[in-house]
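Hi,

Here is the structure I promised to pass on to you. Have a look at it first, then read my notes underneath.

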There are 2 protein chains.
Amino acid sequence: MKKEKVDRRSMRAENSIKKVLEAAKALFIQHGFKDTTISMIAKHADVGYGTAYTHFPKGKDEIFLTIIEEVIADFYVVANTEYTVNSKEEAFTFIHRNITRLIELSVQHKKMLAVFYESIGISAATKEMWQDISDRFIQRIAQNVVQAMEKNIAHRNDFDEEIVAGVLFYTVENNLWKIILDQTVTPQGVIAHNITEVYTNGLYK
Amino acid sequence: MKKEKVDRRSMRAENSIKKVLEAAKALFIQHGFKDTTISMIAKHADVGYGTAYTHFPKGKDEIFLTIIEEVIADFYVVANTEYTVNSKEEAFTFIHRNITRLIELSVQHKKMLAVFYESIGISAATKEMWQDISDRFIQRIAQNVVQAMEKNIAHRNDFDEEIVAGVLFYTVENNLWKIILDQTVTPQGVIAHNITEVYTNGLYK
DNA sequence: AATGAAATTGACATCATATCAAGTTCTGAA
DNA sequence: TTCAGAACTTGATATGATGTCAATTTCATT
């Protein structure tokens, strides 16, 4: 019951797409986002210049987005993890585990994420993608801030959940970028532990 | 004892520089960083295309940096403010005041800061400038984390001061950008208060 | 008045993007 | 089997931005 593609035309197309993506991935990692051009990609992929535009009409942005999407998917999984905690201690454990998970993901995809970081400033499409992820993370964290207030285990019951969620998210985010860009020598465990400690003490009583 | 510039040549040059900067400022605010070109600036400034490069050899980056420098100077003042606190309550008051100050500065220079934000992703020079400011802020805050530990008013005495400082800095930073980019409806007082509360509860006992 | 330094200028070389008309390959209907 | 036309490929080209430079003008000094 296989539905194999014996269609030689679409096989040819698939092959072109694959070659473009593979060449692009190597070049992005080697030269970064800005300094990788469509003609470089086409040349390395051994396809005509126009071919890149045939399959990726929006050009470099679209090629890069296609490549980065699978990396980002991993982060979405974390961002979408539902969770419930009943005490400060439980929260500490949970948050610490999630930060550790994010650090691991960042290290794992370090090279492409460094390019992603560069691209956020340059490509509107990428910027939007990161904005979406950020919002999702913040909304997820905010839900737990609300839970904490409802369960009366937060310092106050009138916290603005989004601002409080931002404390955790933005701190983690920026530390992840530092790890990705090799801009820190602080051990990852120290980073995870300190952030978790300050945040849980800050929110929970 | 005036040392007036009666030198007509340098007056002419000064005038060209002034015209370029004024035109650039208006165009940057109107069109943003990326969509403002040197030829637009030269045309609006009513000088030749090459004149812009005569006075600003590094082009758009240098023109923008010159314009934004005075805005940034205000932030440096805050980043360099020495302070000492002896209790959690004092810390709360101090931090809350500083955040409020930063919010006020951001609102005051909103339009140029929005362009600045865009430029950070595009211009290496601008990115470096913001990196410097960030580092300075973090070092300043870190000093106070160390103080808190020395005075034994922190939850722990083995916090990593830079990571903890980052909790405050990155949170404030990102909320300022949201205000500057009109991406939040949360009242500024609520923002300042929530951040201060979570951070001081997080660090001080 | 003559000299040359300072300042101005726009043409030009360079480079990247995006489009497109022309050519080639392949499928499916007649 | 044939062949019309869809799918795919291709590089030339238009567009637009940057940075450089040789020619020119303005001006201070001798």
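Below is what I found, going from the two protein chains to the DNA and then to the domains.

First, some housekeeping. This is a predicted model, so local features need pLDDT of at least 70 and side-chain atom pairs count only at pLDDT 80 or more, while totals for chains, interfaces and linings use all residues. Residues are numbered from 1 along each chain as its sequence is written, chains are lettered from A and ligands numbered from 1 in the order in which they are written, and side-chain values use heavy atoms, with hydrogens and water left out.

**Chain A meets chain B**

Contact here means heavy atoms within 4.5 Å. By that rule, chain B and chain A each put 30 residues into their contact. The buried area between them is about 2700 Å², and 60% of that comes from carbon and sulfur atoms. (Buried area is the accessible area, with a 1.4 Å probe, that two parts lose on being put together, summed over both.) On the chain B side, B:Ile163, B:Tyr170 and B:Val198 lose the most area to chain A, together 23% of what that side buries.

There are two salt bridges across this interface, where a salt bridge is a side-chain nitrogen of Lys or Arg within 4 Å of a carboxyl oxygen of Asp or Glu. A:Glu197 and B:Arg156 meet in a salt bridge, at 3.4 Å from N to O. Which parts of chain B give two or more residues to the side that touches chain A? They are helix H6 (110-122), helix H7 (124-150), helix H8 (161-180) and helix H9 (188-203). Helices are DSSP runs (H or I, at least four residues), numbered from the N terminus.

**The DNA**

A residue is near a strand if one of its heavy atoms lies within 4 Å of it. DNA strand C has 23 residues around it, and A:Arg8, A:Tyr53, B:Ser16, B:Gly48 and B:His55 come nearest. Of the strand C atoms within 4 Å of the protein, 63% belong to sugar or phosphate and the rest to bases. A backbone N or O atom of A:Arg8 sits 2.6 Å from a phosphate oxygen of strand C, and for A:Ile38 that distance to a phosphate oxygen of strand C is 3.2 Å.

Now strand D. It has 22 residues around it, of which A:Ser16, A:Gly48, A:His55, B:Arg8 and B:Tyr53 come nearest. For the strand D atoms within 4 Å of the protein, sugar or phosphate accounts for 67% and bases for the rest. What does the side chain of B:Tyr53 have 2.7 Å from one of its N or O atoms? A phosphate oxygen of strand D. A polar backbone atom of A:Gly50, on the other hand, is 3.3 Å from a base nitrogen of strand D. H1 and H3 of both chain A and chain B give two or more residues to the surface near strand D.

**Inside chain A**

Chain A is divided into domain 1 (8-57) and domain 2 (68-203), with bounds from an automatic or database domain assignment. Their C-alpha centres lie 33 Å apart. Six residues of domain 1 and seven of domain 2 take part in the contact. About 600 Å² is buried between these domains, 84% of it from carbon and sulfur atoms, and there are zero salt bridges across their interface.

Cheers

Technical notes:
Polar contact = N/O pair within 3.5 Å; in protein donor to acceptor, adjacent residues only side chain to side chain.
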